[in-house]
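User: I should like to learn how to read a model of this kind, feature by feature. Could you take me through the one shown here?

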Amino acid sequence: MLNYAVKRLGLSVAIVSLAMFLLFCMIYLVPGDPASVALGPRATEAMKEAMRVRMGLDQPVWVQFWNFFTGAWTGDLGEEVLSGRPVLDVVLEQLPYTLVLIAGGISWSVALGIPLGCWAAINRGSFADRLVGILSVAVIAVPSFVVAIYALLIFAVTLQWLPAIGAGEPGDVGDQLVHLILPSLAVGLGWVGYIARMVRASMLEVLEASHIRTARAFGLPERLITYRYALTIAILPTITLLGIGIGQMLSSAVFAEIVFARPGVGKLVYDAILTRNFPLVTGAVLVTTVIFVLLNLIADLIVGALDPRVRSSF
Amino acid sequence: MRRLLREPLGLFGLSLVLLVILGAVFADLLTQWDPTRINPRDRFLGPSAAHLLGTDQLGRDLFSRVLHGGRIALYVALVSTAISLAIGIVLGLIAGYGPRWLDNLMILLFDAMKSFPTVMLALALVTITGPSLTSVILVVILVNVPGYARIVRTQTIAIKSSEFVTAAQSMGASTARILRVHIMPNVIGPLVILASMDIPVVIAIEAGMSFLGLGVRPPTPSWGSILNDGFGQIRETPWIAIAGGLPIIIITLGFTFLGETLRDVFDPRLKGRG
C-alpha cells in the first residue's frame with residue numbers, strides 16, 4: 001500500500017508540475033502582452049515598461065518560468081493587480097464558498113442518485129428501471145448553466161420560494177442553507193444521473209456475486225441482503241466517480257456562482273477577467289487544478305486501500 | 001440503421017437533432033425576421049403568431065435568433081470535433097507506436113491537460129486571446145484532444161503487436177504505411193462513436209462560453225448569449241431565458257439519446273463508459 005501511495009503521489013506531483021508548465025506556456029506563448037492587458041488601453045509606454053519589470057517580464061523566458069514554477073510550489077502566486085494583495089490569500093478567502101457549494105452538489109447527487117440507482121437495479125427491466133435510465137441520461141446531458149437559469153426562473157423569480165441572490169447572512173446557518181439549495185441543485189443535478197447509472201450497474205454485478213447467493217441460501221430477508229450486503233459494496237465505484245466529478249462540479253460551480261451572485265472562486269475569476277486582473281486568473285486556475293488533482297489522488301488512494309487489485313496493477 | 005429506427009429513444013433523439021439541423025439550415029425560409037435587427041417598439045413581447053418565441057430587450061425576434069444560433073452551435077460542433085479528431089489521432093498514433101519514453105511523456109501531458117477544470121481553462125485562455133469563436137474552438141480542442149489521443153494510443157498498442165502488423169513489417173512496409181493502412185482503420189471506428197457522443201458536450205461549451213460573454217460577440221446570435229440576455233432581463237420577462245435554454249436542452253438531449261442508442265447498436269463493448 002505504501003509503495004502504491006508513493007507512486008501515485010509522485011504521479012500527482014508530476015501532473016501538477018506539468019499543468020503549471022502548460023499554464024506558463026499558455027500565458028507566454030499566446031500573443032498579447034500581460035503588462036498591457038493588466039494596465040488597459042490607456043497606459044503609457046513608461047507605465048507598461050515599469051509593469052513589465054514588476055512582473056519580471058524583462059527577464060529571459062527560462063528565468064521567468066523558474067520564478068513562476070518555484071513561486072507556485074511555495075504558494076507564492078504573485079500579487080493581484082488592483083490591491084496588491086497576495087493572490088493565494090484572495091483565492092483561499094473565496095475557496096470555502098465554492099467548496100460548500102460543491103459539497104451541496106455532492107449531497108444532492110448522492111441523496112438522489114444512490115436510491116434511484118439501487119431501486120432501478122432491484123426492479124431490473126421494469127418500466128421504473130427504464131424511466132430511471134432515461135432520466136439519468138437526460139440530466140447528464142443538460143448543461144448545468146441551463147439548469148441554473150431555469151431553477152432561478154422557476155423557484156426564485158416566478159414562485160419566489162427560494163432566494164435568488166447571495167450566500168445568505170454570515171453566521172446564520174439556516175439562511176445560508178436556504179441560499180444553497182438552488183445553486184447546489186444546479187451543480188449536482190447532472191451527477192444524480194452519473195451516480196444512479198453507476199450504482200445500478202455495480203448493484204447488478206454485486207447481486208450476482210456468490211456471497212449474496214449464500215446470504216439468500218441462509219434465508220436472510222431480502223431487504224437486509226440488498227441494503228446491508230449488496231449496496232455497501234456497490235457504492236465503492238462511486239467514490240472514484242466523485243473524485244472525477246468534483247473537477248466537473250468546479251466548472252458547474254462557476255456558472256452557479258455567477259447566476260446566483262454567490263461569492264466563490266468562479267465569481268472571483270469571472271470578475272477578475274472583467275477587470276483584467278490577470279495574476280488572479282492564473283492563480284485561481286492553478287489552485288482549482290491542484291484541488292482537482294488532490295481529490296483524484298485521495299479517491300484513488302481510498303479505492304487502493306479498499307481494493308488490492310488496483311494497487312498491484314499500477 | 002434499421003435497428004436504430006426500431007429503438008424509440010434513438011428515433012426520438014434523431015428527430016430532435018434533425019429538427020435543430022433543419023431549423024438552422026432553413027432559418028431564412030422559416031422566418032422573415034432578421035436576427036440582428038433592433039426594433040425598440042416591440043421590446044419584451046411574449047410569444048405570438050408574429051413572434052413565435054417573443055422578442056428580446058432590443059425588440060429582436062427570438063425565434064429567428066434561436067434558428068440562427070443553431071448555425072453557430074452546429075458550426076462549432078463540426079469544426080472543433082473534426083480538428084480534435086485529427087490532432088487526437090496523430091498524437092495517439094505517435095504515443096502508441098513511438099518509443100516508450102515518448103509514450104510515458106505524452107500520457108503525462110494528456111493527464112495534465114485534463115486536470116484543468118474546463119470552465120477555468122476557458123476563462124484563463126480567453127483572458128489572453130479575447131472572446132471570439134476561435135477561442136471557443138481552441139478550448140474545445142484542448143478539452144477533447146487528450147481523451148481522443150488516449151483512446152487511439154490504447155488501440156494502437158493493442159493492434160501493433162498483432163500478426164498482420166508484424167507481417168507488414170517483415171515485408172518491409174514503412175512506418176507511415178503501417179500506421180495509415182493497417183492501424184488507423186482499426187482505430188477510427190470506436191473513436192468516431194465516442195466523438196459523436198461528445199457533440200452535446202461541445203455544444204454546451206460553446207453555449208456556456210457565449211453565456212459568460214467569452215464566446216461569440218454580439219450582435220451575432222448564439223444560444224448562450226440569448227440565455228445571457230434572458231438572465232439579465234429575468235425579472236422583466238421569462239421568455240428570453242426560456243427561448244435561450246430550450247434549444248440547448250433539445251439539442252443536448254437529442255444528441256445524447258441518439259449517441260446512447262448508436263453506441264448500444266454498433267459497439268456493445270463501450271456500454272457503460274462514464
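Analyst: Let us begin with contacts along the chain. In this predicted model, residues 24 or more positions apart account for 72% of those contacts in chain A that have a separation of 6 or more. For chain B, the corresponding share is 68%.

User: How many helices and strands does chain A have?

Analyst: Chain A comprises 14 helices and 0 strands, so its elements, read from the N terminus, are given by the DSSP runs as α-α-α-α-α-α-α-α-α-α-α-α-α-α. Chain B has 11 helices and 0 strands.

User: What are the dimensions of chain A along its principal axes, and what box do the C-alpha atoms of chain B fill?

Analyst: The C-alpha trace of chain A spans about 85 × 55 × 35 Å. For chain B, the C-alpha atoms fill a box of roughly 75 × 50 × 30 Å, again taken along the principal axes. As to burial, 39% of the 314 residues of chain A count as buried, and 47% of the 274 residues of chain B do.

User: Which domains does the assignment give for chain A?

Analyst: The assignment gives domain 1 (2-69) and domain 2 (95-274). The C-alpha centres of these two domains of chain A are 36 Å apart.

User: Where in chain A is confidence lowest, and where is it highest?

Analyst: The mean pLDDT of chain A is 82, and 93% of its residues score at least 70. Among the elements of chain A, helix α2 (residues 34-39) has the lowest confidence, with a mean of 65, whereas helix α5 (residues 87-122) has the highest, at 90.

User: Let us turn to the interface. How many residues of chain B are in contact with chain A?

Analyst: The general idea is that the size of an interface is often given as the accessible area lost when the parts come together. Here a count of residues is available instead: 40 residues of chain B are in contact with 41 residues of chain A. On the side of chain B that touches chain A, two or more residues come from each of α5 (100-114), α6 (118-129), α9 (175-211), α10 (223-232) and α11 (239-266) of chain B. The residues of that side divide into 27 nonpolar, 10 polar and 3 charged.

User: What should I look for in a single helix such as α5(B), and which of its residues are buried?

Analyst: An α-helix has 3.6 residues a turn, so residues three or four places apart point the same way. In α5(B), the buried residues are M106(B), F110(B), A112(B) and K114(B). The helix α5(B) has 15 residues and reaches 21 Å from its first C-alpha to its last, close to the 21 Å expected at 1.5 Å a residue.

User: Which residues touch the most other members of the largest nonpolar core?

Analyst: The largest nonpolar core has 153 residues, of which A148(A), V259(A), V269(A), V281(A), L123(B) and V139(B) touch the most other members. Helix α8 (residues 173-207) of chain A gives the most to this core, with 15 residues. The core also draws at least three residues from each of domain 1 (2-69) and domain 2 (95-274) of chain A.

User: What does V281(A) touch?

Analyst: Leaving aside residues up to four places away in sequence, V281(A) touches V269(A), A272(A) and I273(A) of chain A, together with L123(B), A124(B) and T127(B) of chain B.

User: How should I read a positive phi, and where does Q160(A) lie?

Analyst: Most residues other than glycine have a negative phi, and most peptide bonds are trans. Q160(A) has a positive phi of about 55° although it is not a glycine, and lies in the loop between α7 (144-158) and α8 of chain A. A261(A), likewise not a glycine, has a positive phi near 50°; A261(A) is found in the loop between α11 (236-259) and α12 (265-274) of chain A.

User: Why does A261(A) count as exposed?

Analyst: A261(A) counts as exposed because it has 12 C-beta neighbours inside 10 Å, and exposure is assigned at 12 or fewer. Q160(A) is exposed too, because 9 other C-beta atoms lie within 10 Å.

User: Is S83(A) buried or exposed?

Analyst: S83(A) counts as exposed, because it has 8 C-beta neighbours inside 10 Å. S83(A) is located in the loop between α4 (61-73) and α5 of chain A. S83(A) and L294(A) are 211 residues apart along the chain, and their C-alpha atoms are separated by 30 Å.

Technical notes: Residues are numbered from 1 along each chain as its sequence is written. Chains are lettered from A and ligands numbered from 1 in the order in which they are written. This is a predicted model: local features need pLDDT of at least 70, side-chain atom pairs count only at pLDDT 80 or more; totals for chains, interfaces and linings use all residues. Two residues are in contact if their C-beta atoms, placed from the backbone, lie within 7 Å. Helices (H or I, at least four residues) and strands (E, at least two) are DSSP runs, numbered from the N terminus. Ala, Val, Leu, Ile, Met, Phe, Trp, Tyr, Cys and Pro count as nonpolar, Asp, Glu, Lys and Arg as charged, and the others, Gly among them, as polar. A residue is buried if 20 or more other C-beta atoms lie within 10 Å of its own, exposed if 12 or fewer, and partly exposed in between; C-beta atoms are placed from the backbone. Domain bounds come from an automatic or database domain assignment. The expected span of a helix is 1.5 Å times one less than its number of residues. pLDDT is the predictor's confidence in each residue, from 0 to 100. A nonpolar core is a set of buried Ala, Val, Leu, Ile, Met, Phe, Trp, Tyr and Cys residues joined through C-beta atoms within 7 Å.
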